[in-house]
Structure formats: C-alpha cells, structure tokens
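Q: I would like a close look at a single part of this model, with its surroundings described in some detail. Please take one helix and the sheet it rests on, and then work outwards from there.

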Amino acid sequence: MTTESLPILYSFRRCPYAMRARLAIAAAGLQVQLREIVLRNKPAHLLAISPKGTVPVLMVSEHHVIEQSLDIMYWALGQSDPQRLLPSDTAVLTALIEANDGPFKTHLDRYKYPPRYPEEHGDLSPEAFSALHRQKGAQHLLNLEQRLAQHDYLLGSTLSMADFALAPFVRQFAHTDLDWFKAQDWPHLWQWLQGFLNSKPFAQVMHKYPAWQEQDEVTLFPPPIH
C-alpha cells in the first residue's frame, strides 16, 4: 500500500474522542495519514466527507468513512489486536463505555465549561453549577475506583479497550482541577490514571503536529516509539 492510499484520520490532539481512536490505531499496529485540525478552521475535505464536522473521522477509502470514535476503535482492533485488547465478553466493556459517554460526559462538560450551559443554571451561580456536576461526575469515578481496587485495569489484570476508551475522559476531568482530584479518596483510580499518563502508548499518541494544510506532505501516524 502506498503512503497516499493509507486511510486518512482527521484528529485534534486534545480531544478525548480522537485520543481514544489514535490509541486503538497505534495498538493495532496500523498506519494512517494524520491530519491535525484546528476546530475553528475545519478543512473543506473533512466537512465534505463528514458534515457533522467533529473529530475523529477516519476515511478508510472513498466509499468507507467512519465518523465515531468507538467505531474507529472497533475497526482498528478488528484489523489487528496483538495485545488482545478486545475482550471475549463485551457486555461489561459496553456498559462502562455507555456510562462514560453518556452521564459522565454530560457532567464533565458542565463541570469544565459551565458558561456553555447558562439555560441549565437555574438559581445556581456558574461556580455552584460546576461544583454540582463535579460531584455527580465523581459518582462515576467512584465506580471505577471500586473496579480498580479489585484489579489493575478496568476489566481485569491486563490492559483492554475499556482502559483506552475511558482514560482520556478521566484525564480531562482530573485536569479541570487537579488539586481537587488528587485530594479525593480514590487511590486506585489515581494510580491507574498515572500509569496511563506515563505510558509509552499515551506519549506516542500525544505527539504534537502542526495543523494540516492542503499542500502538506503526508504525515504518518503513529510516530515511532523511542
């Protein structure tokens, strides 16, 4: 396969959805053309193949475009899964992801960006609104803490797709107010998150790239691990 015929991944470095997609592609040992975007200036080609205008978007071929991060993860690990990240029983994996992408993401957004939801504040100040959703989001994290108290990873003693799918969102929650997060009584969650942030896979997928321009040469992802 020539470089120009590799799948094209539109991505944004700090987006947790794009992060989980990059983690799966790298774990699968696949290579794609990476196009880092600036959210306020989205490329015309991205909008042409995916009018929703959010990342990640993977163009596998002219007639095969994958627009959701989980679908990209399943596609990548379906091609190759040398680390056996896909569990044989996906019921718990699915439940964890649904809780993360549904209620937890709702609370995370309102905790991190309260000015975006003024119509929901009611009588609460932005600070109180944020604190309320921080506490509601923390309930999800306590559930993860209970799982991680039993084993090193979310689904057991080995790394799985669940860890890669959820860790970028826990990272975002943690870094909204890191001092508060570190003061909470979830030592196993903290250890798990630190293990993720200090890992080679995380370093590999967080490499910085300039915003893609039409005339640029192909940028291959993932970069080599040093």
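The answer below starts from the sheet and helix 1 and then moves outwards to other parts of the chain.

A: The model is predicted, and the description that follows should be read in that light. The natural place to begin is the sheet, which is open and built from five strands in the order 4-3-1-2-5, with mixed pairing. Strand 4 and strand 5 are the edge strands, each of them pairing on one side only. Helix 1 packs on this sheet, where it touches strand 1, strand 2 (32-36) and strand 5, and its direction makes about 145° with that of strand 1.

Within the sheet, strand 1, which covers residues 8-11, pairs with strand 3 in the antiparallel sense over three bridges. Two of the pairings can be named residue by residue: isoleucine 8 has methionine 59 of strand 3 as its bridge partner, and leucine 9 stands opposite leucine 58 in strand 3. Strand 3 is also joined by three bridges to strand 4 (residues 64-66), and these two strands run antiparallel. Methionine 59 appears here again, since it stands opposite valine 65 in strand 4, while the connection from strand 3 to strand 4 is a hairpin through two residues. Just before strand 3, in the loop between helix 2 (44-49) and strand 3 (57-61), lies proline 56, and the peptide bond that leads from valine 55 to proline 56 is cis, with omega near 5°. A cis peptide bond is found at strand 5 as well, joining phenylalanine 221 to proline 222 with omega about 0°; proline 222 belongs to the segment after strand 5 (220-221).

Besides packing on the sheet, helix 1 packs against another helix. Two packed helices are described by the angle between their axes and the distance between the axes. For helix 1 (residues 16-27) and helix 6 (residues 161-176), the angle is about 145° and the axes are 8 Å apart; the crossing in which helix 1 passes helix 6 is right-handed. On the side of helix 1 the contact is made by Pro16, Tyr17, Met19, Arg20, Leu23 and Ala27, and on the side of helix 6 by Phe164, Ala165, Pro168, Phe169, Arg171 and Gln172.

Among these contact residues, arginine 20 of helix 1 deserves a closer look. Is arginine 20 buried or exposed? Arginine 20 counts as buried because its relative accessibility is 0%, where the cut-off for burial is under 20%. Its side chain reaches the backbone oxygen of alanine 165 at 2.9 Å. Setting aside residues up to four places away in sequence, arginine 20 touches Phe164, Ala165, Pro168 and Phe169, and also Ser69, Leu70, Met73, Ile97, Asn100 and Asp101.

Three of those neighbours lead to helix 3, where Ser69, Leu70 and Met73 are among the buried residues, together with others including Ile72, Trp75, Ala76 and Leu77. The buried residues of helix 3 pack against helix 1, helix 4 and helix 6, and on the strand side against strand 1, strand 3 and strand 4.

The loop between helix 3 (69-79) and helix 4 contains arginine 84. Although arginine 84 is not a glycine, its phi is positive, at about 55°. Arginine 84 is exposed, because its relative accessible area is 71% and the cut-off for exposure is over 50%.

Beyond this loop, residues 86-214 are listed by UniProt, in an unreviewed entry, as "domain: GST C-terminal". In the model this span is 64% helix and 0% strand, and its end C-alpha atoms lie 36 Å apart. Helix 4 (residues 91-112) includes histidine 107, which is buried, because its relative accessible area of 15% is under the 20% cut-off. The side chain of histidine 107 makes a polar contact with that of histidine 133 at 3.0 Å. When neighbours within four places in sequence are left aside, histidine 107 is in contact with Lys136 and Gly137 as well as with His133.

Technical notes. Residues are numbered from 1 along each chain as its sequence is written. This is a predicted model: local features need pLDDT of at least 70, side-chain atom pairs count only at pLDDT 80 or more; totals for chains, interfaces and linings use all residues. Side-chain values use heavy atoms; hydrogens and water are left out. Helices (H or I, at least four residues) and strands (E, at least two) are DSSP runs, numbered from the N terminus. Buried means under 20% relative accessible area, exposed over 50%, partly exposed in between (1.4 Å probe, protein chains only). A polar contact is a pair of N or O atoms within 3.5 Å; within protein, one must be able to donate a hydrogen and the other to accept it, and residues adjacent in sequence count only if both atoms are side-chain atoms. Contact means heavy atoms within 4.5 Å. UniProt positions are given in the numbering used here, feature names are shortened, and annotations may be inferred rather than shown by experiment. Two strands pair if DSSP finds at least two bridges between them. Axes are lines fitted to C-alpha atoms, for helices over the stretch in contact, and angles run from 0 to 180 degrees between N-to-C directions. A crossing is left-handed if the near helix is turned anticlockwise from the far one by less than a right angle, and right-handed if clockwise.
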